[in-house]
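Grab a coffee and work through these short exercises with the model open beside you. Try each task before you read its solution.

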Amino acid sequence: ERERGITIFSKQAVLNLGETYITLLDTPGHIDFSAETERTLSVLDYAILVISASDGIQSHTKTLWELLKKHSIPTFVFINKLDLQGSDKTRTIEELKNDFNENFVDFCYSNKNEFYENIAMCDEDIMHSYLEKGRIETKDIARAIYMGNIYPCYSGSALKMEGVEEFLSAINVLTC
């Protein structure tokens with residue numbers, strides 16, 4: 001497992017985010033071990049799909065996505081390894097949209113209005129609310145994530161702990 005740099009058995013860790021406790025189940029990402037991953041899916045409330053920004057969407061990523069959709073598991077995406085040369089967050093999000101035809105939204109936004117517009121395009125209730133009020137409530141975003149209407153994308157470098165704190169904070173706020 002160490003030699004190949006992949007997870008082949010499911011492992012768990014408990015994270016304390018203030019009043020919220022999260023049990024993180026690290027499952028195999030390699031297609032050869034997808035049966036182990038599928039067994040784990042039955043206990044998940046949410047999933048985090050980690051994608052390498054330098055490698056992009058791999059065949060096993062597609063297999064994992066199909067399993068997550070099959071089990072209707074709300075999913076957050078962490079685009080990792082942005083510290084490596086050739087990494088491109090925007091390209092990776094576009095790949096996700098093209099390969100999976102889903103509402104992946106960059107939650108590491110620089111323009112709040114553009115972010116709201118992107119969110120509104122993913123969920124009809126949110127769109128009506130946004131058009132009426134000009135803003136979107138966090139609880140509505142959380143609901144849309146839970147319903148599988150939005151797949152929030154965060155990014156950084158896990159090895160260098162870049163973007164990780166923001167990501168964990170978002171999970172704490174955006175999960176029902």
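**Exercise 1. Work out what share of the protein chain's residues count as buried, and how the chain is built.**

Step 1. Of the 176 residues in the protein chain, 39% count as buried; buried means under 20% relative accessible area, exposed over 50%, and partly exposed in between, using a 1.4 Å probe and protein chains only. Keep in mind that this is a predicted model, where local features need pLDDT of at least 70, side-chain atom pairs count only at pLDDT 80 or more, and totals for chains, interfaces and linings use all residues. Residues are numbered from 1 along each chain as its sequence is written, and side-chain values use heavy atoms, with hydrogens and water left out.

Step 2. Next, the secondary structure: the chain has seven helices and six strands. These are DSSP runs numbered from the N terminus, with helices being H or I of at least four residues and strands being E of at least two. Reading from the N terminus, the order is β-β-α-β-α-β-α-β-α-α-α-β-α.

Step 3. Then the contacts (heavy atoms within 4.5 Å). Among those in the chain with a separation of 6 or more, 62% are between residues 24 or more positions apart.

**Exercise 2. Find which residues of helix α6 are buried, and what covers them.**

Step 1. Helix α6 covers residues 138–146, and its buried residues are Asp-140, Ile-141, Ala-142, Ala-144 and Ile-145.

Step 2. A reminder about helices: there are 3.6 residues a turn in an α-helix, so residues three or four places apart point the same way.

Step 3. The cover over the buried residues of α6 includes β4 (75–80), α4 (112–120), α5 (124–133), β6 (151–155) and α7 (164–174).

Step 4. Go just past the end of α6 and you meet Gly-148, which has a positive phi of about 80°.

**Exercise 3. Explain why Cys-108 and Cys-153 don't form a bond.**

Step 1. Search the whole structure for disulfides (a pair of cysteine sulfur atoms within 2.5 Å) and you get zero.

Step 2. The closest cysteine sulfur to that of Cys-108 belongs to Cys-153, and because the gap is 8.8 Å, it's too far for a bond.

Step 3. Check the surroundings too: Cys-108 is partly exposed at 32% relative accessible area, while Cys-153 is buried at 0%.

**Exercise 4. Classify the ring pairs Phe-104 with Tyr-151 and Phe-107 with Phe-115.**

Step 1. Rings of Phe, Tyr and Trp (its six-membered ring) pair if their centres lie within 6.5 Å; planes under 30 degrees apart are stacked, over 60 edge-to-face, and the rest tilted. That rule gives 15 aromatic pairs.

Step 2. For Phe-104 and Tyr-151, the centres are 5.4 Å apart and the planes sit at 35°, so call this pair tilted. It links distant parts of the chain, with Phe-104 in strand β5 (residues 104–106) and Tyr-151 in strand β6, 47 residues apart. Phe-104 is buried at 2%, and Tyr-151 is buried at 3%.

Step 3. For Phe-107 and Phe-115, the centres are 4.9 Å apart and the planes are at 85°, so this one is edge-to-face. Both of these residues are buried.

Step 4. One aromatic cluster includes Phe-107 and Phe-115, along with Tyr-46, Phe-76 and Tyr-109 among others.

**Exercise 5. Trace the contacts of Glu-38 beyond its sequence neighbours.**

Step 1. Find Glu-38 in helix α1 (residues 34–41); at 28% relative accessibility, it's partly exposed.

Step 2. Set aside neighbours within four places in sequence, and Glu-38 is in contact with Leu-67, Lys-70 and His-71.
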